[in-house]
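Let's take a walk through this protein together, pausing at a few helices and loops along the way. Have the sequence and the 3D view open as you read.

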Amino acid sequence: MATLVKEKPGNLPAELTSFIGRRHEIAEARRLLGASRLVTLAGIGGVGKSRLALRVAEDSRRAFADGVWFVALGDLQDSELLVEAVAGALGLPDQPGLSLARLLADHLSTRHTLLVLDNCEHLLGAVAELAQTLLRACPELRILATSREILGVDGERVLKVPPLTAPDPQHTPRLEAMPRYESVALFVARAADALPDFALTEANCAAVAGICRQLDGLPLAIELAAVRIRAMTAEQILQRLTDRYQLLTVGSRVAPSRQQTLRSCVDWSYELCGPREQQLWAWLSVFVGGFELDAAEGICPEELVDGFLDSVASLVDKSILVRQECGAVVRFGMVETIGAYGKEKLRESGDYSKAQRRHLAWYESLVKRVEIEWIGPDQVDWVDRFDREQPNLREALTFSLTEEVVATDPDVAARMANALWLFWSCRGLLTEARYWMGRCLAGSDTAGAEERVKTLYGDCLLAGMQGQLEEAATRAVECCSLAEQSGHVESLEVANYARGYLALFTGDLAGAVEPFRAALVRARAEGAHPTGTGLQIARSIGGFLGLAIASGLSGDEETAVACHEQVLAITAPRGESTYRAWASWALALTALQAGDTDRATALLNSALPLLRRLKDLVMAGWCLESLAWAAIREDQATRAAVLMGAAETLAQTVGRISVTLPNLLGNHDECEQLTRNALGDKAYGEAFRTGTAMNLDESVSYALGENLTDRPQPALVSSLLTPRETEVAQLVAAGHSNKAIASMLVISTRTAQGHVEHILSKLGFTSRTQIAAWIAESLQ
């Protein structure tokens, strides 16, 4: 490499292509270098560690009077030659009778120098030993290393180098917003280098975003893909990324061989792993979207159990696994490129099908455990866990429906779907739940009747919640018919629940009471017993809720209250949240029916915090709608319109209508008409749209009248901002949008936006996140 830096000693190679992004990583690396004498940039192959190190070194040159020196170790295979390579990079001549190690230490002992050791992973022991020796002997020396695995030296500070930022998989940004994603900016720059006429356009931006997402934001992979623009369009490149190792084979001829193709880069990482680590890498690739330690231990073969934690830690150190803290637990994952390589190795070993079966078995056991423990104090934690595990749950369900599995265990998919109904319904994932239940019902000719009855009931209830009454009726009829054919006691109970809810969804209140009462005759004692499973107890509670709604809307307040008390008797001792909130809503309907708006509002307000914790969009939407009915009866027209808008947004989010039960449609229509009459169409529309702009947290905060500005204001905040700006800053810190802030403070959205811009200007910030961090620090 040519030495182009003339102003100070050193040998930093010139950058031949533009450097893209990495502002945060550059700043953090320089901060670490200021606090520690050894900093290692660690990350998977192709993530851009070397380019980042060169940029950090270039930006740090002024701080080192005796220069910045770059030592490329990637092609050095013999660790015995390490000292010679470092000495050669510094231009030190041999001196007879003096060892190179001593010569190197003597040379650096009085110099203020930055030494950049690039690609250390295959010489780890030797580099660690040399670094420790030099740092002890040379007080002004600092070392910046790059490696796929940390050095493990005392005093080492590690910066994990992440992939470049890429667009969200669920949303392709607008054309003008695309360049702010580092991976997109890199692709466009390198594609323009390869084909000067290339530009990002409306026609190709979605394909470019897809390329960057599928390549995990890895700079090497993106640069290899961009070169293909000479012969292919962005759309064609995206289509061919299914075989990324075959497509991404044209790199720089002067780059190290391991960086000329994506495969050789990952091969290099694989070869640096020991046999146990290679096998664990392959087995862990069966996970989708990450995993936690209990899952990894549960699916791995017996020969990997001993020393399992050490092997996982080693894969993290080697940057094969990415570690992420999720609350109180640690979650691990692989970028897609690393995972695809592991799957390839797993198939080559002949263990892929075995790994899939173990993966399915473990997730079935997890689901069954939740089914048992659902009605308990850990319910919110289980919801959070299942949120994280959705990709793995989908993978397990998909495999459970294959011919290979159905031939030996035709009920497994239905067992999982029936147990997951608890989670899906709580989280408002109605469309997802119906998709899997539909697949189970479509392909379960050989499945057991008992599981099929439960699936039919679950899908009937979900279809009714979505307003799909014909489908709900079809499921209910088949559920009842099959239960009667089997004669199974629990199936007959489930069929009665299906009959009761179908009657509710069709507006037949009297017809709903009888089947609910019949089902609860048996379930009342069993459902309340502490040994009942979560699904059994949930069905029993569902019966009480159904009976409470049917009775309350029919004017039988005594029965509705008794059912509410039964639900609390079951749930409160167990510390359960979901059904306590649902029961409060059901009883609030009874209070509204009786004209007691104060009691209804209190019940709904008690439910909303629980629903917010659970992220239960369905029931939160129903509570907001019910609060709107209470508000208009109290002549709070604007509040009613905002709440109706918020309920509508939550309803659309989960693919349903905001009012499901036909007996409540009159309340909805009456509330809308009274609100329009009170406000006028224009003001009603503005208030309604304010509600539709709110997310779950914002709408619940609005409904409960939470005002963060009532909190004590620290002197730092008050001294820099006006009282109104302080209010706005605290609402920004709470995550509220400009529209929500405008609604809460009764100002226009434009005025709220102006306040935010003034705050950013006064504080010298560029983002709302910085405002939130500043407020949090000020309140400590």
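Is K615 buried, partly exposed or exposed? Keep in mind, as you look, that this is a predicted model. K615 has a relative accessible area of 34%. Because buried means under 20% and exposed over 50%, K615 counts as partly exposed. You will find K615 in the loop between α28 (597-614) and α29. Its backbone deserves a look too: the phi of K615 is near 60°, a positive value in a residue other than glycine. Most residues other than glycine have a negative phi.

Before going on, let's step back to the chain as a whole. Its secondary structure comes to 38 helices and eight strands. The chain has 780 residues, and 54% of them count as buried. About 33100 Å² is exposed by the chain, with carbon and sulfur atoms supplying 51% of that area. Now consider contacts between residues at least 6 apart in sequence: 71% of these join residues at least 24 apart.

From the loop that holds K615 we can move straight into helix α29. Helix α29 (residues 617-633) packs with helix α31 (residues 665-679), their axes 10 Å apart and at an angle of about 50°. The two helices, α29 and α31, are therefore oblique to each other, and their crossing is left-handed. On the α29 side, the contact is made by E625, A628, W629, I632 and R633. On the α31 side, the residues are N667, H668, C671, L674 and T675. Sorted by class, the contact of α29 with α31 has five nonpolar, three polar and two charged residues. When you trace such a list along a helix, a general point helps: an α-helix has 3.6 residues a turn, so residues three or four places apart point the same way.

Another helix pair sits at the start of our numbering. Helix α1 (residues 23-35) and helix α2 (residues 49-59) have axes that come within 10 Å and cross at roughly 60°. That angle makes α1 oblique to α2. The crossing of α1 and α2 is right-handed, whereas that of α29 and α31 is left-handed. From α1, the contact draws on E25, I26, A29, R30 and L33, and from α2 on L52, R55, V56 and D59. By class, the contact of α1 with α2 has five nonpolar, no polar and four charged residues.

What about helices α11 and α15? The axes of helix α11 (residues 262-271) and helix α15 (residues 336-349) come within 11 Å and cross at roughly 70°. Angles of 65 to 115 degrees count as roughly perpendicular, and α11 and α15 are therefore roughly perpendicular to each other. Here L262, R263, V266, D267 and Y270 of α11 meet T337, I338, Y341, E344 and K345 of α15. The contact of α11 with α15 has five nonpolar, one polar and four charged residues.

Now turn to helix α7 (residues 205-214), which is mostly covered, with seven of its 10 residues buried. Which residues of α7 are buried? They are C205, A207, V208, A209, G210, I211 and C212. The cover over the buried residues of α7 includes α6 (182-194), α8 (219-227) and α9 (234-239).

Just after α7 comes D216, which takes a positive phi of about 60°. D216 lies in the loop between α7 and α8. Like K615, D216 is a residue other than glycine with phi near 60°. Their surroundings can be set side by side: D216 is buried, with a relative accessible area of 15%, while K615 is partly exposed at 34%.

Our last stop is L360, whose place is in helix α16 (residues 352-373). With 7% relative accessibility, L360 counts as buried. Which residues does L360 touch, leaving aside its neighbours within four places in sequence? The contacts of L360 are A396, F399, S400, V405, V412 and M416. For a sense of how the chain folds back here, take E395: L360 and E395 are 35 residues apart in sequence, and their C-alpha atoms are 8.2 Å apart in space.

Conventions. Residues are numbered from 1 along each chain as its sequence is written. This is a predicted model: local features need pLDDT of at least 70, side-chain atom pairs count only at pLDDT 80 or more; totals for chains, interfaces and linings use all residues. Side-chain values use heavy atoms; hydrogens and water are left out. Helices (H or I, at least four residues) and strands (E, at least two) are DSSP runs, numbered from the N terminus. Buried means under 20% relative accessible area, exposed over 50%, partly exposed in between (1.4 Å probe, protein chains only). Contact means heavy atoms within 4.5 Å. Accessible areas come from the Shrake-Rupley method with a 1.4 Å probe; for residues, only the protein chains shown count as cover. Axes are lines fitted to C-alpha atoms, for helices over the stretch in contact, and angles run from 0 to 180 degrees between N-to-C directions. Angles under 35 degrees count as roughly parallel, over 145 as roughly antiparallel, 65 to 115 as roughly perpendicular and the rest as oblique. A crossing is left-handed if the near helix is turned anticlockwise from the far one by less than a right angle, and right-handed if clockwise. Ala, Val, Leu, Ile, Met, Phe, Trp, Tyr, Cys and Pro count as nonpolar, Asp, Glu, Lys and Arg as charged, and the others, Gly among them, as polar.
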